[in-house]
Amino acid sequence: MKKAISLILTLALVLALMLECRLPFKSQFRTFFLSPMMVPIASIILIWQVLFHYNGVINEFLQVFGADKIDWLKSDYCMVVIVVLFLWKNLGYNMILLMAALSNIPRELL
């Protein structure tokens, strides 16, 4: 649990610092990480099931490049999929908190 919290806070801080800079597609980037806060968790799970199903979008994409299908949730990649889902679900909230904190720091110190 401690590793998950440190990973999420580190990534949220990096993303918050990136969003303080002038980036192209900044609003789309922010929307990608904030969208899990706007939709119910059941909808997020359905989206991820469509992506990582055996006949899902990711496997179809991999087949274009000649790779074999992977049963994501029953393979060695299961933990990676779960960690990525957890990070995406929780990064937005922490990123918003850190962006608010960073906006109160004078520019000279940054």
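Colleague: Before we start, what counts as a nonpolar core here?

Modeller: A set of buried Ala, Val, Leu, Ile, Met, Phe, Trp, Tyr and Cys residues joined through side-chain atoms within 4.5 Å. Keep in mind that this is a predicted model.

Colleague: OK, so which residues touch the most other members in the largest core?

Modeller: Phe33, Trp48, Leu91 and Met95, out of 19 residues in that core.

Colleague: And which helices supply at least two residues each?

Modeller: H1 (2-20), H2, H3 and H5. The largest share comes from H5, with 7 residues.

Colleague: Tell me about Leu91. What does it touch, leaving out residues up to four places away in sequence?

Modeller: Ile8, Leu11, Ala12, Leu15 and Phe33.

Colleague: Switching to packing: how do H2 and H5 sit against each other?

Modeller: H2 (residues 26-38) packs on H5 at about 110°, with the axes 7 Å apart. Angles of 65 to 115 degrees count as roughly perpendicular, so that label fits H2 and H5. The crossing is left-handed.

Colleague: Which residues make that contact?

Modeller: On the H2 side they include Phe32, Phe33, Leu34 and Met37, and on the H5 side Trp88, Leu91, Met95 and Met99 are among them. By class, the contact has 11 nonpolar, 2 polar and 2 charged residues.

Colleague: What about H3 with H5, what angle and axis distance?

Modeller: H3 (residues 41-52) and H5 (residues 78-103) pack at about 140°, with axes 12 Å apart. H3 passes H5 in a right-handed crossing.

Colleague: Who's in the contact there?

Modeller: Ile41, Ile44, Trp48 and Phe52 from H3, against Val81, Val84, Leu85, Trp88 and Lys89 from H5. Those split into 8 nonpolar, no polar and 1 charged.

Notes:
Residues are numbered from 1 along each chain as its sequence is written. This is a predicted model: local features need pLDDT of at least 70, side-chain atom pairs count only at pLDDT 80 or more; totals for chains, interfaces and linings use all residues. Side-chain values use heavy atoms; hydrogens and water are left out. Axes are lines fitted to C-alpha atoms, for helices over the stretch in contact, and angles run from 0 to 180 degrees between N-to-C directions. Helices (H or I, at least four residues) and strands (E, at least two) are DSSP runs, numbered from the N terminus. A crossing is left-handed if the near helix is turned anticlockwise from the far one by less than a right angle, and right-handed if clockwise. Contact means heavy atoms within 4.5 Å. Ala, Val, Leu, Ile, Met, Phe, Trp, Tyr, Cys and Pro count as nonpolar, Asp, Glu, Lys and Arg as charged, and the others, Gly among them, as polar. Angles under 35 degrees count as roughly parallel, over 145 as roughly antiparallel, 65 to 115 as roughly perpendicular and the rest as oblique. Buried means under 20% relative accessible area, exposed over 50%, partly exposed in between (1.4 Å probe, protein chains only).
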